[in-house]
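User: I am new to this structure and would like to understand the words used to describe it. Could you take me through the reasoning behind them?

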Amino acid sequence: MSWSSARRVLCVRLDTVGDVLMTTPALRALKEGHPQRHLTLLTSSPGAVVGRLVPEVDDVWTYDAAWLKASPARRDASLDRAMIDRLRAGRFDAAVVFTVYSQNPLPAALLTYLADIPLRLAHSRENPYQLLTHWIPETEPERGVRHEVTRQLDLVAAVGLRPSHHRLSLRPCPEDHLVAEAELRRLRLGPRWLVVHPGATASSRRYPPAAFAVVARALVRDHGVGLVFTGAADEVSLVEQIRGAAGVPTHSLAGRLSLGALAAVIARAGLLISNNTGPAHVAAAMATPVVDLYALTNPQHTPWAVPARVLSHPVPCAPCYRSTCPEGHHLCLRGISPATVVTAALELLRPDAREAPTAAPLSMS
């Protein structure tokens with residue numbers, strides 16, 4: 001068995017929305033490597049939601065691995081044994097384990113080894129011996145940090161696989177577009193509007209609500225820009241807090257959209273203002289410019305191949321890799337002035353903003 005002849009390929013990415021999206025160029029490389037190749041994505045429950053919207057993926061299996069922080073606690077290993085049996089029954093020819101450099105790939109590698117998958121590829125810091133047939137030694141962060149997209153492209157390139165292009169891949173279904181059109185028609189927006197997504201799962205990645213309110217007030221009152229707030233169902237109160245503090249007319253679709261419908265809304269917007277969270281990568285996939293309020297928790301997840309302003313405030317504790325601010329001051333975000341956010345938004349709302357689809361460097365305010 002060789003990588004060029006492998007037809008059934010398992011792609012392990014046990015992370016969330018943004019991580020799966022940043023893996024899609026590498027998934028494209030795998031898919032295009034054989035005309036009859038079938039890709040199965042093994043991912044977390046949140047990752048499965050976006051995986052079903054990736055056209056290169058033929059099947060999505062959900063697995064909340066015991067070695068990941070966000071997975072629910074369980075009393076025994078029955079789910080893991082069942083997954084090994086399912087993988088073995090899937091008769092895969094090859095498996096690729098995609099990880100960020102701070103993750104240990106060996107538990108997933110062991111899973112694929114126990115399932116008797118002949119070809120097994122991953123980055124690994126320590127020698128995996130027989131767990132991997134193709135071991136790519138880990139070099140990050142000691143020798144520099146690559147963008148997450150580049151990291152995964154380099155992994156599959158090590159076995160001779162390269163995609164036809166490097167853009168992120170996300171395709172909302174027709175029903176998603178119908179929902180987006182109906183919701184936006186109901187809001188009666190003008191020609192110049194943008195989406196604001198103020199939430200994030202990790203508290204260390206959230207720009208202060210009061211600062212979001214100042215940004216919203218300035219964009220609406222001083223520049224005539226329409227604002228549509230989005231968020232998950234548990235972020236509705238956050239959105240309403242910001243809208244109330246802004247004191248200007250805005251709109252909210254928080255709690256009303258599936259991920260596919262959110263992508264369809266963002267695709268129609270002139271811009272997304274967001275924390276460094278999943279919707280920033282959704283916008284990149286939909287070719288919508290992004291103002292990314294980028295907490296300095298890690299350096300490799302900036303918007304990919306889209307006009308962007310990546311805003312942060314320099315702090316000596318970066319990168320911290322933490323879900324909660326270890327210093328308690330959140331200065332890498334609190335130090336970004338609302339005026340800086342407004343200026344960046346207005347720059348990207350210009351008519352020519354979409355003509356330069358390049359990844360933006362980190363910009364310090």
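Analyst: What follows is a set of questions about a predicted model, each answered by setting a value against the rule that applies.

User: Why is Thr 112 called buried?

Analyst: The cut-off for buried is under 20% relative accessible area, and Thr 112, at 1%, therefore counts as buried. Thr 112 lies in helix α4, where, leaving aside residues up to four places away in sequence, Thr 112 touches Leu 10, Val 12, Ala 95, Ile 117 and Arg 120.

User: What makes Leu 114 partly exposed?

Analyst: Leu 114, which is also found in helix α4, has a relative accessibility of 35%, and since partly exposed covers what falls between under 20% and over 50%, that is the class given to Leu 114. Together with Leu 110 and Tyr 113, Leu 114 forms a nonpolar patch on the surface, with about 230 Å² of accessible area for the three together.

User: How do you know that the length of helix α7 agrees with what is expected?

Analyst: The expected span is 1.5 Å times one less than the number of residues, so the 15 residues of α7, 209-223, should span 21 Å, and the end C-alpha atoms, at 20 Å apart, agree with that. Within α7 the buried residues are Ala 211, Phe 212, Ala 213, Val 215, Ala 216, Ala 218, Leu 219 and Val 220, and they pack against β7, β8, α8, β10, β11 and α12. After α7 comes Gly 224, whose phi is positive, near 65 degrees.

User: What makes helix α10 mostly covered?

Analyst: In α10, which runs over residues 278-285, 8 of its 8 residues are buried, and what covers them includes α1, β7, α9, β10 and β11. The helix is followed by Ala 287, which has a positive phi near 60 degrees.

User: Which residues touch the most other members of the largest nonpolar core?

Analyst: That core has 58 residues, and those touching the most other members are Cys 11, Leu 30, Phe 98, Leu 170 and Val 282. Helix α1 gives the most to this core, with 8 residues. Apart from it lies another core, of 39 residues, among them Phe 212, Val 215, Ala 216 and Ala 344.

User: What makes the pair Arg 151 and Glu 140 a salt bridge?

Analyst: A side-chain nitrogen of Lys or Arg must lie within 4 Å of a carboxyl oxygen of Asp or Glu, and for Arg 151 and Glu 140 the N to O distance is 3.0 Å, so the pair meets the rule. Arg 151 lies in helix α5 and Glu 140 in the loop between β6 and α5, so the pair ties together parts that are 11 residues apart in sequence. Arg 151 is buried at 1% relative accessible area, and Glu 140 counts as buried at 1% as well. These two also belong to a network of salt bridges that includes Glu 138, Arg 146 and Asp 154.

User: Where do the partners of the salt bridge between Glu 183 and Arg 256 lie?

Analyst: The side chains of Glu 183 and Arg 256 meet at 3.0 Å, N to O, with Glu 183 in helix α6 and Arg 256 in the loop between β9 and α9, so that the pair, 73 residues apart, links distant parts of the chain. Glu 183 is buried, with a relative accessible area of 9%, whereas Arg 256, at 46%, counts as partly exposed.

User: What sets the phi of Arg 91 and of Tyr 129 apart from that of most residues other than glycine?

Analyst: Most residues other than glycine have a negative phi. Arg 91 has a positive phi of about 50 degrees, and the phi of Tyr 129 is also positive, near 50 degrees. Arg 91 is found in the loop between α3 and β4, and Tyr 129 lies in the loop between β5 and β6. Exposed requires over 50% relative accessible area, so Arg 91 at 67% counts as exposed, and so does Tyr 129 at 64%.

User: Which peptide bond is cis?

Analyst: The bond joining Glu 140 and Pro 141 is cis, with omega about -5 degrees, and Pro 141 has its place in the loop between β6 and α5.

Technical notes: Residues are numbered from 1 along each chain as its sequence is written. This is a predicted model: local features need pLDDT of at least 70, side-chain atom pairs count only at pLDDT 80 or more; totals for chains, interfaces and linings use all residues. Side-chain values use heavy atoms; hydrogens and water are left out. Helices (H or I, at least four residues) and strands (E, at least two) are DSSP runs, numbered from the N terminus. Buried means under 20% relative accessible area, exposed over 50%, partly exposed in between (1.4 Å probe, protein chains only). Contact means heavy atoms within 4.5 Å. Patches are made of residues with over 30% relative accessible area and no salt bridge: like charges are joined within 9 Å, nonpolar side chains (Val, Leu, Ile, Met, Phe, Trp, Tyr) within 5 Å. Accessible areas come from the Shrake-Rupley method with a 1.4 Å probe; for residues, only the protein chains shown count as cover. A nonpolar core is a set of buried Ala, Val, Leu, Ile, Met, Phe, Trp, Tyr and Cys residues joined through side-chain atoms within 4.5 Å.
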